[in-house]
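Q: Please take a close look at the meeting of the domains in the structure shown below. I am new to it, so a careful answer that goes on to the ligand and to the rest of the chain would be welcome.

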Amino acid sequence: MTSISGKTDIDWSAFARRLAPVQVIDEAVVVKKRSRDFFWFSPILNEQLKRCFGDLVAVPKTVEEMKHCLKLAFEAEVPVVLRGGGTGNYGQSVPVDGGLILETTGMNRILEIGDGFIRAEAGVLMADMNKALKETGQEMAMFPSTQDIATVGGFVAGGSVGIGSLATGALREPGNLIRLKALSVENDPQEHVFEGEDVLKIHHAWGLNGVITEVTLRTVPTVDWIACMATFESYEDTYAAGYTVATAEAISPKMASIVDGRIVAYFPGLKGHLREGCHLLAAYVPADDVAKFTQMVTDLGGYVDLTLNDVEREAKEIPHVFEFCFNHTTWQVLKSDRSATYQQIGVPDPADVGAISKLRADLGDDVWTHHEFFRLDGEVVAIDLPIIWFSSKARMDEINQTYAKHGFAVYEAHSNQVERGGLHNADYGHLAWKKRLDPKGLLNSAKSTVWEMVKDLSPEEIEAKTVSEVSS
Ligand SMILES: Cc1cc2nc3c(=O)[nH]c(=O)nc-3n(C[C@H](O)[C@H](O)[C@H](O)COP(=O)(O)OP(=O)(O)OC[C@H]3O[C@@H](n4cnc5c(N)ncnc54)[C@H](O)[C@@H]3O)c2cc1C
């Protein structure tokens, strides 16, 4: 069998036979499909990555099968990329160097549910975890809006915030990620356990420093959640109401999102249910708090268009409220028009509505803001995931500069380098563990600019480096 990627020089048929009894997929059309994620949200990444494919997919069902795959990859020096649900949007799971795609969806057993935690294999879908937890009166403290397709291993390796982060903080906040198990890529792959602060050595490393096999995550008691949709005539009022709801001590929302009315017009699922032409505050609020939520919205000049429990929502055939938030907002627009894209922007002072107003006036008609609130170190923070009508890379740079000029940080969504996005810098802790767990640098190395510079150092030498060395 020749190389599908055109980048590797090994006998893939022989390699596939050696993988037995592990299930493999070698049909070129399927291998190519499994080489993609949601990088196409970015026209820049789409150009770079649309012709990058792996050579073979393996779907191990147990830790032993996963070890077998990693041992053979180590022997043959084959590039390896882990894949869960493939919902990452920076091309994190695209096999840029070709090679073996290890899909975790066969490792899908929930191992234990206790009071305040769930322990599961890496390939379990987040929605299945929420379903199993419900029977015990619990739910995930947080989950991504992609919960129906995303795996828990992929969320821990590639995700950062989600529905629930307004209540319990980003995934990296203490107590959310309780324990991880990860395998090394060696002749005899070893399972390493990371607990407490050490989970951050593996979290959000895009699968380049170990293969997560098991995850223990925080759970919280479940409540009757109500999808609340409120509309306002001005964006500023919507944002101010969202901030009030997000910071109010009297209510405990799991999510609060602010969406520009021009974006809302692209939500067919809400057509006829909201006041036309208005901006949207979408929130997930406990049933006991709905009256207080309604009062807050009314006091701030808004109107509550919808309050629905799950049964009512399904009867009206309206999607989950979280399918209008985070990157689902972008996806809703992309379903009608592929020329849309997005960016990731940090808001310097979430309470400063005036700054948002001035910024919006400067941004131009091709940038439609969309804000999400969540908690970091106990404080409510905001990010903007605007819809941007893409015309050119030069215009995108100009938009980034406008944000920067107003003091808003740009966390580049159009790069597939881990150091350029949410991290904004090299994480030498990640890279030191890469050296320990992946000494030959086979795991997704193309996604780290800095790995090339440190790969010949010892783990201790890498760990001793400081962030400022990268910036210079
Ligand atoms: C419409 C949309 C909405 C989104 N909403 C959110 C959101 O609310 N919050 C959020 O944080 N993200 C969000 N994302 C990003 C993404 O969906 C999540 O991060 C998701 O949890 C990734 O899970 P996955 O199984 O699809 O991972 P994949 O895309 O398959 O993988 C993600 C990364 O993790 C690595 N990986 C996968 N499994 C393992 C493993 N077992 N061991 C080591 N590395 C592994 C992969 O190599 C890749 O680098 C969104 C994306 C889209 C397209």
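A: In this predicted model, 5 residues of domain 1 are in contact with 7 residues of domain 2. On the side of domain 1 that touches domain 2, the residues divide into 3 nonpolar and 2 polar, with no charged residue among them. The two domains into which the protein chain is divided are domain 1, residues 12-103, and domain 2, residues 225-410, and their C-alpha centres lie 35 Å apart.

The ligand belongs to the same topic. Both domain 1 and domain 2 give residues to the shell around the ligand, so the ligand lies between them. There are 38 residues around the ligand, and those that come nearest are Gly84, Gly154, Gly158, Gly159 and Gly207. Two or more residues of this shell are given by each of β3 (80-83), α6 (152-158), β10 (211-221) and α12 (326-336), and α6 provides the largest share, with 5 residues. Sorted by class, the shell holds 22 polar residues, 14 nonpolar residues and 2 charged residues.

One of these elements, β10, also leads to a group of paired strands. β10 pairs with β6 in the antiparallel sense over 5 bridges, and within this pairing Ile118 stands opposite Leu217 in β10. β6, which covers residues 117-121, pairs in turn with β5, residues 110-114, again in the antiparallel sense and over 4 bridges. β5 and β6 form a hairpin with 2 residues between them, and Gly116 in its turn has a positive phi of about 95°. In this hairpin Gly114 stands opposite Phe117 in β6.

A further set of strands forms an open sheet, with 3 strands in the order β15-β20-β17 and antiparallel pairing. Its edges are β15 (340-342) and β17 (367-368), each of which has a single partner strand, so one side of each is left without a neighbour in the sheet. Between β15 and β20, the latter covering residues 387-389, the antiparallel pairing runs over 3 bridges, and Tyr342 has Ile387 in β20 as its bridge partner.

Some details of the backbone also deserve attention. Most residues other than glycine have a negative phi, and most peptide bonds are trans. Against that background, the peptide bond from Ala20 to Pro21 is cis, with omega near 10°, and Pro21 lies in the loop between α1 (12-19) and β1 (23-25). Glu77, although it is not a glycine, has a positive phi of about 55°; the loop that holds Glu77 runs between α4 (63-76) and β3. Is Glu77 buried or exposed? Glu77 counts as exposed, because it has 12 C-beta neighbours inside 10 Å, and the cut-off for an exposed residue is 12 or fewer. Asp377 is likewise not a glycine and has a positive phi of about 50°, and its place is in the loop between β18 (370-376) and β19 (379-384). With 9 C-beta neighbours inside 10 Å, Asp377 counts as exposed.

Leu431 offers a contrast, since it is buried, with 26 other C-beta atoms within 10 Å. Leu431 lies in helix α15, residues 428-437. If its neighbours within four places in sequence are left aside, Leu431 is in contact with Ala426, Val450, Trp451, Val454 and Ile462. The C-alpha atoms of Leu431 and Lys201 are separated by 8.7 Å, while the two residues are 230 residues apart along the chain.

Finally, the chain as a whole can be described. Its secondary structure comes to 18 helices and 21 strands. The radius of gyration of the protein chain is 22 Å, close to the 23 Å that the globule rule gives for 472 residues, so the chain is as compact as a globular protein of that length. Along the principal axes, the C-alpha atoms fill a box of roughly 65 × 50 × 45 Å. Buried residues make up 50% of the 472 residues, and of the contacts between residues at least 6 apart in sequence, 72% join residues at least 24 apart.

Notes. Residues numbered from 1 in each chain as written. Predicted model: local features only at pLDDT ≥ 70, side-chain atom pairs only at ≥ 80, totals over all residues. Near = placed C-beta within 6 Å. Nonpolar A, V, L, I, M, F, W, Y, C, P; charged D, E, K, R; others polar. Domains from an automatic or database assignment. Rg over C-alpha atoms; globule rule 2.2 N^0.38 Å. Buried ≥ 20, exposed ≤ 12 C-beta atoms within 10 Å, placed from the backbone. Contact = placed C-beta atoms within 7 Å. Pairing = 2+ DSSP bridges.
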